[in-house]
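Biologist: I have a model open and want to learn how to read it. Can we go through it feature by feature?

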Amino acid sequence: MNEFDIKALTWDDNPLFIERSKHIADKIREHVKLNAEMEGFEYGCGTGLISFNLMPYLKSITLADSSDGMLEVLKQKIQKNKITSMNVLKTDLIVDKIPDKKFDIIYTALTLHHITDIETILARFYMMMKKPAFLCIADLDKENGNFHGPDFKGHKGFDREAMKKLFITTGFKNIKADTCYEMKRINEQNQNVIYPVFLMTGEK
């Protein structure tokens, strides 16, 4: 059982997560013209908060995560609301086989900083996309490591220009980036610290 399995049962009780997901979903809709024929794929979906915001604008969504706890909560929500346009997939795209299906839009939020090999995950997203199709990455701006603390093994956010270069190297074009949310925390010195979240989109 990992930390996200433990957090899953109370994830949707956090107003910050609900608000953040809405802002990210709104920014995705601002960057990409969604339509009812598009098939989406969310990676690192958690309990599906972003996809529930985008569901009315897409034909179908495959929601993928490696956390059993998160996916169990998600499945219960889908069943409770009798949703037929959402499909759940347990996978780790770094090591597992990518889906055979191709998608019109792939999006992920605050997931990439947990993944060591960014080049590989971007390349795998690219292979999973139709043409034309859109990739939307929401994640933390580069920070000093205080967001997760000293024991965190992932990335301390991302430099936007460096991420843009990775998008270009992978093959994406028409790249855009905007701040979509700002998380506020109080540090050990009782100071307010703001951690911006950016959304970067690219087209295949």
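**Reading the model, one feature at a time**

Modeller: Start with helix 4, where Gly69, Met70, Leu71, Val73, Leu74, Lys77 and Ile78 are buried. Keep in mind that this is a predicted model.

Biologist: What span should the 13 residues of helix 4 have, at 1.5 Å a residue?

Modeller: Residues 68-80 form helix 4, and they should span 18 Å. The end C-alpha atoms are 18 Å apart, so expectation and model agree.

Biologist: What happens just after helix 4?

Modeller: Look at the sign of phi. Lys82 takes a positive phi of about 55° there, although Lys82 is not a glycine. Lys82 lies in the loop between helix 4 and strand 3. With 74% relative accessibility, Lys82 counts as exposed, because exposed means over 50%.

Biologist: Which residue other than glycine has a positive phi near 50°?

Modeller: Asn174 has that value. Asn174 sits in strand 6, residues 173-186. Its relative accessibility is 52%, so Asn174 counts as exposed.

Biologist: Back to the loop that follows helix 4. Is Ser85 buried or exposed?

Modeller: Apply the cut-off: buried means under 20% relative accessible area. Ser85 has 19%, so Ser85 counts as buried. Ser85 is in the loop between helix 4 and strand 3, which covers 86-90. Now check its partners beyond four places in sequence. Ser85 is in contact with Met55, Lys59, Ser60 and Ile61.

Biologist: What relative accessible area does Phe41 have?

Modeller: The value is 0%, so Phe41 is buried. Phe41 belongs to strand 1, residues 39-43. Again, skip residues up to four places away in sequence. Phe41 then touches Thr62, Ala64, Leu89, Leu93, Pro99, Phe103, Ile105, Ile106, Tyr107 and Met128. For a distance check, take Phe41 and Ser60, which are 19 residues apart along the chain. Their C-alpha atoms are separated by 8.6 Å.

Biologist: Where is Arg29 found, and what does Arg29 contact outside its neighbours within four places in sequence?

Modeller: Arg29 is in helix 2, residues 15-31. Leu34, Leu54 and Tyr57 are its contacts once those neighbours are left aside. Arg29 is partly exposed, because its relative accessible area of 37% falls between the buried and exposed cut-offs. Arg29 and Ala138 are 109 residues apart along the chain, and their C-alpha atoms are separated by 13 Å.

Biologist: Which peptide bond is cis, with omega near 5°?

Modeller: Read omega for each bond. The bond from Lys131 to Pro132 is the cis one, with omega near 5°. Pro132 is found in strand 5, residues 129-140.

Biologist: Now the whole chain. How many helices and strands does the chain have?

Modeller: Six helices and seven strands. From the N terminus on, the order is α-α-β-α-β-α-β-β-α-β-α-β-β.

Biologist: What radius of gyration would a compact globule of 204 residues have?

Modeller: Near 17 Å, and the chain has 16 Å, so the two agree. Its C-alpha atoms fill a box of roughly 50 × 40 × 30 Å along the principal axes. Of the 204 residues, 48% count as buried. Next, look at contacts between residues at least 6 apart in sequence. Of these, 68% join residues at least 24 apart.

Biologist: How much area does the chain expose, and how far apart are the mean positions of its positive and negative charges?

Modeller: The chain exposes about 10800 Å², with 50% supplied by carbon and sulfur atoms. There are 29 positive and 29 negative charges, and their mean positions are 5 Å apart.

Note on methods:
Residues numbered from 1 in each chain as written. Predicted model: local features only at pLDDT ≥ 70, side-chain atom pairs only at ≥ 80, totals over all residues. Heavy atoms only, no water. Helix = DSSP H or I, 4+ residues; strand = E, 2+ residues; numbered from the N terminus. Expected span 1.5 Å × (residues − 1). Buried < 20%, exposed > 50% of the residue type's maximum accessible area, 1.4 Å probe, protein only. Rg over C-alpha atoms; globule rule 2.2 N^0.38 Å. Contact = heavy atoms within 4.5 Å. Areas by Shrake-Rupley, 256 points an atom, 1.4 Å probe, with all protein chains shown as cover. Lys, Arg positive; Asp, Glu negative; His and termini not counted. Charge placed at Lys NZ, Arg CZ, Asp CG, Glu CD.
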